[in-house]
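Welcome! Please open the model in your viewer and keep the sequence at hand. We will go from one selection to the next.

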Amino acid sequence: MANTATRVRIAPSPTGEPHVGTAYIALFNYLFAKKHGGEFILRIEDTDATRSTPEFEQKVLDALKWCGLSWSEGPDIGGPYGPYRQSERKHLYGPYVEKIVENGHGFRCFCTPERLGEMRAAPRAAGKPPKYDGHCLGLKAEEVTERMAAGEPSVVRMKIPTEGTCKLLLKADGMPTYHMANVVDDHLMKITHVARGEEWLSSVPKHILIYQYLGLEPPVFMHLSLMRNADKSKLSKRKNPTSISYYGALGFLPEALMNFLGLFFIQIAEGEELQTIDQLVTNFDPENLNKAGAIFDLQKLDWLNGRWLQANISEMEFVSRVLA
């Protein structure tokens with residue numbers, strides 16, 4: 001990366017109750033930005049128009065603010081690289097998609113949903129992952145122009161240099177897929193480091209390929225271990241409540257929750273568990289992260305909450321919070 005100011009982002013999708021995993025990733029990015037004197041940015045990734053709602057977006061904002069996190073740019077406060085909702089950035093993606101097509105790395109696909117459904121049926125029945133069969137890959141430019149001029153719906157697919165595989169970039173409604181929007185937005189917002197959960201590791205080669213096809217320099221990618229239950233299974237609402245609001249409603253202090261999540265990122269001695277956000281920033285060293293993994297231990301969170309109530313919250317402060 002060129003020597004530029006550090007810019008990181010958290011980019012949640014407003015499709016449900018904000019998850020403690022969102023707070024976990026947001027806190028890492030916040031600590032990283034503060035440690036490097038950089039900027040922490042909030043972007044709303046609402047390309048999924050069928051599931052994204054303004055109500056869930058507001059819940060995301062409220063939950064992250066309740067956690068004590070603040071951002072220098074976002075949908076609620078604006079900034080120099082807005083808008084900060086992907087649904088309002090639709091006009092920005094087309095030129096990048098067209099550049100990929102013009103350079104021979106992408107193509108228009110006119111396959112109907114019915115044809116795609118039939119194409120995917122056989123591999124699924126055989127227990128194999130379905131993949132695009134290249135039906136529109138060889139269409140001549142003249143035919144593509146004619147079909148588009150006639151108003152025939154189409155998507156844009158990216159060629160991937162592995163046999164028979166293509167990646168969707170632009171949907172029929174003109175909205176980009178997550179992968180395309182992610183790359184373009186990170187580029188336009190001058191994001192220098194992308195820190196997210198390890199479940200996105202498989203997306204990195206696709207994202208790097210898009211950067212290469214566009215002739216852009218990618219950010220530095222960092223992937224955090226998933227938060228897991230005590231039995232090492234993935235933390236999910238099927239096993240435990242996972243929404244931030246649930247823990248707030250139970251009476252957990254936001255300081256205690258951030259303290260609990262922050263301990264996943266720092267190395268401390270026994271007896272130093274009680275940490276404010278400022279102390280977490282001081283003790284945060286991205287070159288020397290805690291390698292123990294992120295186990296969501298409710299007993300430890302409960303213990304930390306008790307310590308915060310005893311040591312850091314006055315009686316008057318406690319009463320005012322209870323009555324709020």
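Helices (H or I, at least four residues) and strands (E, at least two) are DSSP runs, numbered from the N terminus. This is a predicted model, in which local features need pLDDT of at least 70 and side-chain atom pairs pLDDT 80 or more, while totals for chains, interfaces and linings use all residues. Residues are numbered from 1 along each chain as its sequence is written, and side-chain values use heavy atoms, without hydrogens and water.

Start with the whole chain: 12 helices and 9 strands. Its C-alpha trace spans about 75 × 45 × 35 Å along the principal axes.

Next, select Asp 46, in the loop between strand 2 (39-42) and helix 2 (54-66). Is Asp 46 buried (under 20% relative accessible area, 1.4 Å probe, protein chains only) or exposed (over 50%)? Asp 46 is buried, yet has no salt bridge (a side-chain nitrogen of Lys or Arg within 4 Å of a carboxyl oxygen of Asp or Glu). The nearest side chain of opposite charge (Lys and Arg count as positive, Asp and Glu as negative; His and the chain ends are not counted) is Arg 85, 5.6 Å away. Now show the contacts of Asp 46 (heavy atoms within 4.5 Å): leaving aside neighbours within four places in sequence, they are Pro 14, Ser 52, Arg 85, Gln 86 and Ser 87.

Finally, colour strand 1 (7-10), helix 1 (20-35), helix 6 (178-188) and strand 6 (193-197). Each supplies at least two residues of the lining of the largest pocket, and helix 1 gives the most, with 4 residues. A pocket is an open set of points on a 1 Å grid over the protein atoms alone, where a 1.4 Å probe fits, with protein on both sides within 12 Å along at least five of seven lines; lining residues have an atom within 4 Å of a point.
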